[in-house]
Amino acid sequence: MTDPGDSIVLQANGLRVAYAGNTALSIDQIEVRRGEVLGVVGANGAGKSTLVNALAGWSRGSPRVSGQVMLDGVDLSTMPAHDRARAGLLLVPEGKLVFGEMTVDENLSSLVGMSQDADRRFYDRAAVFELFPRLSERRNHLGSQLSGGERQMLGIGRALMLGPRALMLDEPSIGLAPRLVSTVLQTMRTLASTGLAVLLVEQNVRAAIDVVDRLVLLERGRVVAQGPSDAMRNDPRIAQAYLGASST
Ligand SMILES: Nc1ncnc2c1ncn2[C@@H]1O[C@H](COP(=O)(O)OP(=O)(O)O)[C@@H](O)[C@H]1O
Ligand SMILES: [Mg+2]
């Protein structure tokens with residue numbers, strides 16, 4: 001759970017993103033604390049991917065991005081994506097960044113020895129297999145032969161090997177069987193309990209609300225509601241639109 005005070009790992013201030021002059025995202029402040037899972041939810045086109053891409057420094061379709069992105073007190077705002085990743089801000093994107101022509105083993109071998117900050121945990125392959133035993137069973141299979149859930153696990157495993165301070169996931173549950181959705185989302189709780197800051201983008205609010213500490217609801221690129229997940233469960237904007245509740 002969260003503790004108050006200065007345990008903020010990832011923070012963005014005055015974040016604005018525009019595509020061809022049209023504002024797609026405008027957020028005054030968003031933060032993720034150590035040991036916390038923050039859920040960011042919203043309908044298709046609400047700006048969820050735009051948010052995590054802007055935080056990670058990825059420019060899909062040349063957006064104009066302004067605002068400040070801080071990671072453990074370091075200003076990343078002017079850094080390109082690879083430097084932000086090196087600093088420990090990692091995004092598992094939609095599509096998961098897995099090499100289809102490489103085996104699971106090879107996907108997890110190409111990453112060794114990037115940086116060695118003592119206050120970060122760089123998973124090794126054995127630790128990834130411990131987290132996701134399924135991957136170890138599939139270690140000699142090609143990335144392209146994996147199921148959606150296995151690819152998702154591999155994408156998360158690769159990010160963990162890069163020593164995240166903050167881990168962001170863009171719709172990890174998409175296309176997964178219901179049983180795997182809860183496996184993958186529960187893994188976010190496990191990772192947060194080790195002190196990681198996790199930002200989880202999900203359209204599957206019903207599944208996400210059980211694992212996140214706090215929820216932020218985006219509509220048309222703006223935060224329209226946020227709060228602890230227990231309180232948000234009863235927020236009419238969440239309950240009616242995403243949980244299918246007509247009354248309580
Ligand atoms: N490369 C792009 N060029 C122009 N508009 C884009 C681009 N990517 C996203 N948008 C627009 O920005 C808004 C937010 O999109 P996105 O962040 O992908 O939403 P979500 O991930 O919540 O479904 C949408 O209106 C979308 O059409
Ligand atoms: Mg998206």
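Q: What makes I156, L167, L200 and I238 stand out in the largest nonpolar core?
A: In this predicted model, that core has 46 residues, and these four touch the most other members. Membership requires a buried residue of a nonpolar type, joined through side-chain atoms within 4.5 Å. Helix 7 (residues 178-193) supplies the largest share of this core, seven residues.

Q: Why is the set with L10, A12, L55 and M168 called a second core?
A: This set of 29 residues is separate from the largest core. A core is a set joined through side-chain atoms within 4.5 Å, so a set without such a link counts on its own.

Q: Which residues does L167 touch beyond four places away in sequence?
A: L167 touches L90, V92, A159, L160, L191, L196, A197, V198 and L199. Contact here means heavy atoms within 4.5 Å.

Q: What makes Y19, G47 and S49 polar contacts of ligand 1?
A: The cut-off is 3.5 Å between N or O atoms. The Y19 side chain has an N or O atom 3.4 Å from a nitrogen atom of ligand 1. For G47, a backbone N or O atom lies 3.0 Å from a ligand oxygen. For S49, a polar backbone atom is 2.9 Å from an oxygen atom of the ligand. Each distance therefore meets the cut-off. The protein covers 63% of the 560 Å² of accessible area that ligand 1 has on its own.

Q: How do the residues of the shell around ligand 1 divide by type?
A: Four are nonpolar, six polar and two charged. Gly counts as polar, so G45, G47 and G61 of the shell fall in that class. Helix 1 (residues 48-56) gives the largest share of the shell, three residues.

Terms used. Residues are numbered from 1 along each chain as its sequence is written. Chains are lettered from A and ligands numbered from 1 in the order in which they are written. This is a predicted model: local features need pLDDT of at least 70, side-chain atom pairs count only at pLDDT 80 or more; totals for chains, interfaces and linings use all residues. Side-chain values use heavy atoms; hydrogens and water are left out. Buried means under 20% relative accessible area, exposed over 50%, partly exposed in between (1.4 Å probe, protein chains only). Helices (H or I, at least four residues) and strands (E, at least two) are DSSP runs, numbered from the N terminus. A residue is near a molecule or strand if one of its heavy atoms lies within 4 Å of it. A polar contact is a pair of N or O atoms within 3.5 Å; within protein, one must be able to donate a hydrogen and the other to accept it, and residues adjacent in sequence count only if both atoms are side-chain atoms. Accessible areas come from the Shrake-Rupley method with a 1.4 Å probe; for residues, only the protein chains shown count as cover.
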